[in-house]
Every structure is written in structure tokens, then in C-alpha cells.
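I opened the notebook to record what I looked up in this structure, taking strand pairing, confidence, pockets and disulfides in turn.

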Amino acid sequence: MQNGYPVVTGMLLAGRRMGRVIEPEVNMKSSLLISFAVAVAVAAVAVSSAAAGRTVLPGFRTPSGNIRCFVVDKLYCSIGHSAYGRGLQARCDLDWHGFVLGPAAKAKVYCTSNSPYDMGKQRPSNRILKYGKSFHRAAFTCSSRRAGITCRNRTGHGLFVSRQTWRAW
């Protein structure tokens, strides 16, 4: 009685006659238990694979977590808390989501009701860009400083974002 199997079997078979009818019933219960365990394991792997299977978009967040930027075909930057957020939201017909910088265009305020990426298949990176470090991807270079984030494209247009102010050129 080391593993408790005889006790469990005895409980399952309590009040029944021992014989050929009971043995298939016990095997069927075991098969059902094993099938259920396999189904649960397969479902768990499928769910974790779906979440893990999302493409990570290149990007970063500041050490404070307040500013986040990522690249799809353009550079998108958002800020969680700012002194100017309400004013920019008032300028937007839709939702204000931050700023966008094209590969060869001037940066601008980004107003939309849709995400610039497929949220079911993609997600922005959560990589921290430490102060004093830079991020390079495609046509974009961003520098992280305690004062804020400065991003530029190859044509010289850019964007500065901080909690207090923003500027596009």
C-alpha cells in the first residue's frame, strides 16, 4: 500500500462484485482521466503558444515607463502622464494616442481610433532604453535622457517628448 492505489481502487469498487464486469469499468475510468489530462495539457500549450506567438515590434520604454515608442512602418511614441495631454486630446476628433514620425516626414500628433498594429498578432517591445542610451531601427534613431526622448529620422525630421513638453520638427 505504498502508493495508495489499492485504497483508491477499493473505494471505486466498494459494494461491487469482483469479476469481469468491473475490470473494463476501471480501465474506462482510467482512460477518461488520462484523456481529460491530455486535453487540459493540449489546451494550456495552445493558449501559451498563441500568446507567445505574437510578433514583438521593435521599440522601447523609458526607465520610468512613462514614454513608450515602437516601429511598425513609422515610429509611434506615447506618453502616460504629461502636462499637455488634455490640450492635445481636445485638438483630436478621435482619441489622442501620442506622436508619429514617418521615415521621411515631420513628426505630428497622432489621433486615431485604431491601433497602428494588429493587436492579436503583434505587441510593442517592453525593453527598457536606459538613460544615455540610443535605439536604432530602420530610418529612426532615438536617444533616452532624463529630460525626455529625442527621435530623428534619416531626413532630419524629429520629435522630442517629455512629461512637461513636446516638440516636432
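In this predicted model, I began with S9 and strand S10 (residues 148–153), which pair in the antiparallel sense over 6 bridges. I noted that S9 and S10 form a hairpin with 2 residues between them, and that Arg 145 stands opposite Gly 148 in S10.

I then followed S9 to its other partner: strand S8 (residues 134–137) pairs with S9 (residues 140–145) in the antiparallel sense, here over 4 bridges. Looking for a cross-strand pair, I found Phe 135 opposite Cys 142 in S9. The hairpin of S8 and S9 also has 2 residues between its strands, and in this hairpin I recorded a positive phi near 50° for Ala 138.

Before going further I checked how far the model can be trusted. The chain has a mean pLDDT of 82, with 69% of its residues at 70 or more. Over residues 40–50, however, pLDDT stays under 50, and the model has 0 contacts there beyond four places in sequence. Where pLDDT is low, the predicted coordinates should not be read in detail, so I took no local geometry from residues 40–50, where pLDDT stays under 50.

Next I turned to the pockets. Which residues lie nearest the centre of the largest pocket? They are Phe 70, Ser 78, His 97, Pro 116 and Tyr 117, out of a lining of 18 residues. Strand S3 (67–71), strand S4 (75–79) and strand S5 (95–101) are the elements that give two or more residues to this lining. I wrote down a volume of about 250 Å³ for the largest pocket, and by class its lining has 11 nonpolar, 6 polar and 1 charged residues.

For the second largest pocket I noted about 180 Å³ of space. Of the 13 residues lining the second largest pocket, Ser 64, Ile 67, Arg 146, Gly 148 and Arg 163 are the closest to its centre. Gly 148 had already come up in my strand entry as the residue opposite Arg 145. The lining of the second largest pocket divides into 4 nonpolar, 6 polar and 3 charged residues.

Last, I searched the whole structure for disulfides and found 3. The one I examined joins Cys 69 to Cys 77, with an S to S distance of 2.0 Å. What is the handedness of the link of Cys 69 and Cys 77? With 115° about the S-S bond, I entered this link as right-handed.

Notes: Residues numbered from 1 in each chain as written. Predicted model: local features only at pLDDT ≥ 70, side-chain atom pairs only at ≥ 80, totals over all residues. Heavy atoms only, no water. Pairing = 2+ DSSP bridges. pLDDT = per-residue confidence, 0-100. Contact = heavy atoms within 4.5 Å. 1 Å grid on protein atoms, 1.4 Å probe; cavity = no way out; pocket = protein on both sides within 12 Å on 5 of 7 lines; lining within 4 Å. Points joined across faces, edges and corners; volume = space filled by probe spheres on them. Nonpolar A, V, L, I, M, F, W, Y, C, P; charged D, E, K, R; others polar. Disulfide = S-S within 2.5 Å.
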